[in-house]
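This report describes the fold of one protein chain, its helices, its buried cores and its charged pairs. Please keep the sequence and the model in view while reading.

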Amino acid sequence: KERAPDISLQRFRMAVPGRMQMRSALVLPAVDSFPPVRPSISTSYLCPSFGINRQRRGHLRRLSSTSDLMEKGREFLGDLRDGVSESSLKIDVSELSKELSDTDDFGKRGELFVVGQVALGLLVVAPIVDLEPLARILGFGAMNLALAIIWAGVGSLGESLTPLPQPRKKAELTTDGMFKYMRHPLYTGLILGSFGLAIFTSSMSRGVFAVALTVLLYFKAVFEEEQLINKFGRQYLRYREKVKRFGIF
């Protein structure tokens, strides 16, 4: 009986000239018979190309999420504009007052939330209590705590300390000291200290810049963790599962 020719083998013979065709046809099966190679998580750290592709996919996902966020923002602004232009109070006041005056379910409908909402709203508009001394105490305490965290984090890093998010060539993974409680104690201290200074000085400008610094340090920490994963692999992944980025989140 005659067997149908293997099309994949014919393509291979057309691509490989001369004597190499005969040797390859004897030892190589059909090209299409090979199962697809799918790199696992562990191989992505052994082969640099897999790690690079993994980073590219992460960048593409972030770009896609950014475009989705911009699209939702435009949709929100459009709905807000339409809502303001078509706004009109369509409510039956008598029916609402009748429902509110019903005492059968009094205390079970969340009346305390409404009372707290009104009271705090009035305090925002016209505060009757000066909390500036308390704010100064909290800000001063936050700054001192931030300095202690940064100092302890520097001591834990030792020779691995660097201002760059990319770890040094001779760096070792640090998981003791402050790093038992947070993955980035230096960044945590900077964030806490910046907000503490803004509260201590009652400065709105410092508060805005503290928010900007927090956003910057967040993205720097994300980039740094990608570099640490490439360097330490599963060891850092296990550490990341146990310890939060900035201590509380």
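Helices (H or I, at least four residues) and strands (E, at least two residues) are DSSP runs, numbered from the N terminus. The structure is a predicted model, in which local features need a pLDDT of at least 70 and side-chain atom pairs count only at pLDDT 80 or more, while totals for chains, interfaces and linings use all residues. Residues are numbered from 1 along each chain as its sequence is written, and side-chain values use heavy atoms, with hydrogens and water left out.

**Overall fold and confidence**

The protein chain contains ten helices and zero strands. Of its 249 residues, 23% are buried, a term that means under 20% relative accessible area, with exposed meaning over 50% and partly exposed in between (1.4 Å probe, protein chains only). A contact is defined by heavy atoms within 4.5 Å. Among the contacts with a separation of 6 or more, 65% join residues 24 or more positions apart.

The pLDDT is the predictor's confidence in each residue, from 0 to 100. Its average over the protein chain is 79, and 72% of the residues score at least 70. Among the elements, helix H8 (residues 185-200) has the highest mean pLDDT, 95, and helix H2 (residues 19-27) the lowest, 46. The pLDDT is below 50 over residues 19-34, a stretch with twelve contacts in the model beyond near neighbours in sequence.

**Helix H9 and the cores**

Helix H9 (residues 204-232) has 29 residues. From first C-alpha to last it reaches 41 Å, close to the expected 42 Å; the expected span is 1.5 Å times one less than the number of residues. At its N-terminal end, Ser203 acts as a cap, with a side-chain oxygen 3.2 Å from the backbone nitrogen of Arg206. Just after H9, Gly233 takes a positive phi of about 65 degrees.

Several residues of H9 are buried, including Leu217, Ala221, Leu228, Ile229 and Phe232. A nonpolar core is a set of buried Ala, Val, Leu, Ile, Met, Phe, Trp, Tyr and Cys residues joined through side-chain atoms within 4.5 Å. The largest such core has ten residues, among them Leu157, Leu228, Ile229, Phe232 and Tyr236. H9 and helix H10 (234-242) each supply at least two residues of this core. Another core, of five residues, lies apart from it and includes Tyr187, Ile191, Leu217 and Ala221.

**Salt bridges**

A salt bridge is a side-chain nitrogen of Lys or Arg within 4 Å of a carboxyl oxygen of Asp or Glu. The structure holds five salt bridges, including those in the table.

| Pair | Closest N to O distance |
|---|---|
| Glu71 and Arg74 | 2.7 Å |
| Glu132 and Arg136 | 3.6 Å |
| Glu225 and Arg183 | 2.9 Å |

Where do Glu71 and Arg74 lie? Both belong to helix H4 (residues 48-85), three residues apart, about one turn of the helix. Glu132 and Arg136 both lie in helix H7 (residues 132-157), four residues apart, again about one turn. An α-helix has 3.6 residues a turn, so residues three or four places apart point the same way. Glu71 is partly exposed, with a relative accessible area of 43%, and Glu132 is partly exposed at 35%.

Are Glu225 and Arg183 buried or exposed? Both are buried. Glu225 lies in helix H9 and Arg183 in the loop between H7 and H8, so the pair ties together parts that are 42 residues apart in sequence. Salt bridges with shared partners join Arg183, Glu225 and Arg245 into one network.

Note on methods: A polar contact is a pair of N or O atoms within 3.5 Å; within protein, one must be able to donate a hydrogen and the other to accept it, and residues adjacent in sequence count only if both atoms are side-chain atoms.
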